[in-house]
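Here is a short tour for you to follow with the model open beside the text. Keep the sequence to hand as you read.

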Amino acid sequence: MTLDPQNARPTDKETVLPRSRKVRVLATLGPASDTPEMIATLFQAGADAFRINMSHGDQESKKAVIAAIRSLEERFNRPSTILADLQGPKLRVGKFADGRVTLVTGSTFTLDHDTTPGDATRVELPHKEIFAAIEPGARLLLDDGKLVLRVAFHDEEKITTLVEVGGALSNNKGLNVPDVVVPMAALTEKDRSDLAFAVDQGVDWIALSFVQRPEDLAEARKLIEGRAALLAKIEKPAAIERLDEIVELCDGVMVARGDLGVELPPQSVPPLQKRIVETARRMGRPVVVATQMLESMIVSPSPTRAEVSDVATAIYDGADAIMLSAESAAGQWPIESVAMMNAIGDAVERDPMHGDRVHFTVTRPDPTTADALAEAAKNIAETVSASAIICFTTSGSTARRISRERPGVPILVLTPSKDTARRLGLLWGTHNVNTRDVESFEEMVAKAKRIALRQGIAKAGDSVIVMAGVPFRTPGSTNVLHVVRIVGDELKDYRGPDAR
């Protein structure tokens with residue numbers, strides 16, 4: 001049991017004050033980090049949200065992981081955020097008679113429907129969609145791009161290629177087709193099963209892998225039925241061509257640099273990363289930058305300077321979240337990896353130039369009252385030196401609008417919806433509190449001031465900006481902006497419940 005410092009009332013929970021940084025840290029859980037004790041330690045080290053990779057392990061084991069993440073809420077009095085990442089339609093070649101072959105540069109190599117184990121001249125490709133979509137001259141990349149094949153000719157039964165970059169190739173290695181859009185369903189049977197499991201378990205975000213077209217989002221959206229937010233992973237060149245349409249139809253975006261860097265030259269990835277982040281920010285969708293951010297920390301207790309610069313660049317660009325993959329899931333230093341992400345975020349955001357750099361992206365408001373007020377809140381906060389922007393929201397749309405403006409002060413989000421409080425855990429700059437709704441303007445102001453004091457967002461003498469919609473309990477009705485001053489005695493003699 002701890003003591004609430006603001007009103008000296010005992011509380012059974014270890015209330016965690018807002019992070020000093022605004023960028024969020026998303027940590028992948030795995031064999032190195034999926035125990036309740038380790039999950040709590042990662043949260044204390046700086047993890048704001050947790051990714052569960054549905055590509056590995058069974059559903060039954062993930063129930064315990066999800067329960068452990070949710071138990072943080074009771075212990076730390078703060079909403080938890082869970083992202084379930086679907087495997088997607090991973091393309092793979094078949095097996096070889098000896099388990100492994102060497103493809104020689106300049107030789108020919110055939111992919112076909114024959115299930116007979118392959119050799120150095122051919123192997124099965126169990127994906128009929130590729131045979132229909134492939135074109136002469138297209139590249140086929142094997143084993144994360146280590147081997148490169150160029151299509152010479154094809155028919156319905158086989159694809160004959162020239163080996164441009166040879167090397168060793170073993171059973172079931174991955175295949176990438178960067179030059180054509182393969183007409184495959186975005187969800188496999190495994191994905192549908194994992195998606196149903198994840199939403200039944202109450203996860204907050206579903207990440208859809210290998211999105212190529214806006215249409216790929218439709219089936220996932222239908223199956224989710226509003227029970228979770230949908231995040232599109234941008235890792236295919238085809239997705240870049242229709243980026244605005246894809247971003248428009250999803251709730252968030254991930255710059256998945258792993259496969260993107262396989263299917264494109266490495267030097268193409270940094271400008272595309274900036275383009276994806278800029279597009280997501282402009283359209284008001286949270287954006288996660290992922291893959292190999294602190295890769296060396298899988299085996300080393302400290303990162304390279306280049307990795308630190310990579311993470312810092314994503315923060316300067318205004319990404320909502322930065323993600324750890326194997327570093328926290330299977331590495332030797334999961335706690336140190338999260339702590340390093342936290343430290344980099346703190347250091348970058350203390351840079352006096354950080355505020356200018358995150359506003360390189362112009363986020364023009366839509367012609368709505370809510371957007372106009374969100375932009376005004378940022379400007380007023382700077383003018384009157386407010387300590388925070390406090391918003392009441394049911395759906396989370398008000399918080400997303402304010403966050404898009406990247407204000408220089410914390411955003412305290414008060415919502416009666418536990419689901420909303422959890423989903424906003426990927427949103428830049430927010431500290432989310434699940435609290436009972438208000439009935440009047442006076443109650444709104446009083447509650448905002450009390451929770452700001454309790455959460456350490458503001459202190460006596462500070463000004464805060466309060467935003468809400470009137471009439472209350474009406475989603476999407478944001479139409480009030482009010483500047484108030486905190487006296488400091490708002491908690492005196494108050495014993496009513498604020499947070500659930």
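**Strand 5 and its neighbours**

Strand 4 (residues 49-53) pairs with strand 5 in the parallel sense, and four bridges join the two. Please bear in mind that this is a predicted model. From this pair of strands we can move out to the barrel, then to a second sheet, the cysteines and the overall dimensions.

**Around strand 5**

- Arg51 has Leu83 in strand 5 as its bridge partner.
- Leu83 also has a bridge partner in strand 14, namely Trp205.
- That second pairing, between strand 5 and strand 14 (residues 205-208), is parallel and runs over three bridges.
- Which way do the side chains of strand 5 (residues 82-85) point? Ile82 and Ala84 point one way, while Leu83 and Asp85 point the other way.
- All four of these residues, Ile82, Leu83, Ala84 and Asp85, are buried.

**Helix 2 and the crossover**

- Strand 4, helix 2 and strand 5 together make a β-α-β unit, and its hand is right-handed.
- Helix 2 spans residues 59-76, and Glu73 is found in it.
- Is Glu73 buried or exposed? Glu73 counts as buried because its relative accessibility is 15%, and the cut-off for buried is under 20%.
- A polar atom of the Glu73 side chain lies 3.0 Å from the backbone nitrogen of Ser80.

**The closed barrel**

- Strands 4, 5 and 14 belong to a closed barrel of eight strands, which runs in the order 3-4-5-14-15-16-17-18 with parallel pairing.
- On average, neighbouring strands of this barrel sheet are turned by 25° against each other, direction ignored.
- Further along the barrel order, strand 17 (residues 287-290) pairs with strand 18 (residues 321-324) in the parallel sense, over two bridges.
- Within that pair, Val288 stands opposite Ala321 in strand 18.
- As a general reminder, the strands of a sheet pair through backbone hydrogen bonds, either parallel or antiparallel.

**The open sheet**

- Six strands form an open sheet, with mixed pairing and the order 8-7-11-10-9-13.
- Which strands lie at its edges? The edge strands are strand 8 (122-124) and strand 13 (175-176), each of which pairs on one side only.
- Strand 7 (residues 108-112) pairs with edge strand 8 in the parallel sense, and three bridges connect them.
- Across this pairing, Asp112 stands opposite Glu124 in strand 8.

**Cysteines**

- How many disulfides does a search of the whole structure find? The search finds zero.
- Cys250 is buried because its relative accessible area is 2%, well inside the cut-off of under 20%.
- Cys391 is buried too, with a relative accessible area of 0%.

**The protein as a whole**

- The secondary structure comes to 17 helices and 23 strands.
- Of the 500 residues in the protein, 56% are buried.
- Taken along the principal axes, the C-alpha atoms fill a box of roughly 80 × 45 × 40 Å.
- How does the radius of gyration stand against that of a compact globule, and what is its value? The protein has 25 Å, and a compact globule with 500 residues would have a radius of gyration near 23 Å, so the two agree.

Methods
Residues numbered from 1 in each chain as written. Predicted model: local features only at pLDDT ≥ 70, side-chain atom pairs only at ≥ 80, totals over all residues. Heavy atoms only, no water. Disulfide = S-S within 2.5 Å. Buried < 20%, exposed > 50% of the residue type's maximum accessible area, 1.4 Å probe, protein only. Pairing = 2+ DSSP bridges. Axes fitted to C-alpha atoms, helices over the stretch in contact; angles between N-to-C directions. Polar contact = N/O pair within 3.5 Å; in protein donor to acceptor, adjacent residues only side chain to side chain. Right-handed = clockwise from strand over helix to strand, strands pointing away. Rg over C-alpha atoms; globule rule 2.2 N^0.38 Å.
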